[in-house]
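Good morning, and thank you for coming. Please look at the sequence and the structure as they appear, and keep both in view while I speak.

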Amino acid sequence: MDFTTALDRHLAAIRDRDVDAFLRTVHPDATLILPNGHTVTGTDEIRSFHEGWFQDPDWSMTTETVRTLELADTAVVILAVDYRDLDAEGRPYALRHLLSLVFARGGGEWLLVHDQNTSC
């Protein structure tokens, strides 16, 4: 599978809120860093975080590719993200942040190894 297809599958799983499809795109030892600095590591923590997030029907997210760098067995993509949700009181809010994704290829398969969210 080429990197573009792997990235498309990863983003589609997020958009579709499909935790099983999402985890098929993630390395078992991957790390996720949220905009507030909270870090989530490994399949169990990543699954738990995404199950909760994916169950929330209020959010939407669009991405725009800022930069892609693909090497032999590593690829990095930086996405500009527009995120919309409701706060605890039901008021809408919007966030714009950068999302840096690092994928590694092993056995012909691209898997996410690092996900870094940075507030703009």
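Which residues of α1 are buried? They are Phe3, Ala6, Leu7, His10, Leu11, Ala12, Ala13 and Ile14. I should say at once that this is a predicted model.

Let us stay with this helix for a moment. Helix α1 covers residues 3–15, 13 residues in all. From its first C-alpha to its last it reaches 18 Å, which is close to the 18 Å expected at 1.5 Å a residue. Arginine 17 follows α1 and has a positive phi, near 55°.

I turn now to the sheet. It is an open sheet of 6 strands with mixed pairing, and the order of the strands is β2-β1-β6-β5-β4-β3. Why is one side of β2 and of β3 left without a neighbour in the sheet? β2 (39–41) and β3 (60–70) stand at the edges, and each has a single partner strand, so no neighbour lies on its other side. From one strand to the next, the twist averages 15°.

How does the helix meet this sheet? α1 packs on the sheet and touches β1 (26–33), β3, β4, β5 and β6 (109–119). The direction of α1 makes about 140° with that of β5.

Finally, please find strand β4, residues 74–86. β4 runs antiparallel to β5 (residues 92–106), and 13 bridges join the two. β4 is also antiparallel to β3, with 10 bridges between them; β3 and β4 form a hairpin, with 3 residues between the strands. Valine 81 lets us follow both pairings: this residue is the bridge partner of threonine 63, and it stands opposite histidine 97 in β5.

Definitions and conventions:
Residues are numbered from 1 along each chain as its sequence is written. This is a predicted model: local features need pLDDT of at least 70, side-chain atom pairs count only at pLDDT 80 or more; totals for chains, interfaces and linings use all residues. Side-chain values use heavy atoms; hydrogens and water are left out. Helices (H or I, at least four residues) and strands (E, at least two) are DSSP runs, numbered from the N terminus. The expected span of a helix is 1.5 Å times one less than its number of residues. Buried means under 20% relative accessible area, exposed over 50%, partly exposed in between (1.4 Å probe, protein chains only). Two strands pair if DSSP finds at least two bridges between them. Axes are lines fitted to C-alpha atoms, for helices over the stretch in contact, and angles run from 0 to 180 degrees between N-to-C directions. Contact means heavy atoms within 4.5 Å.
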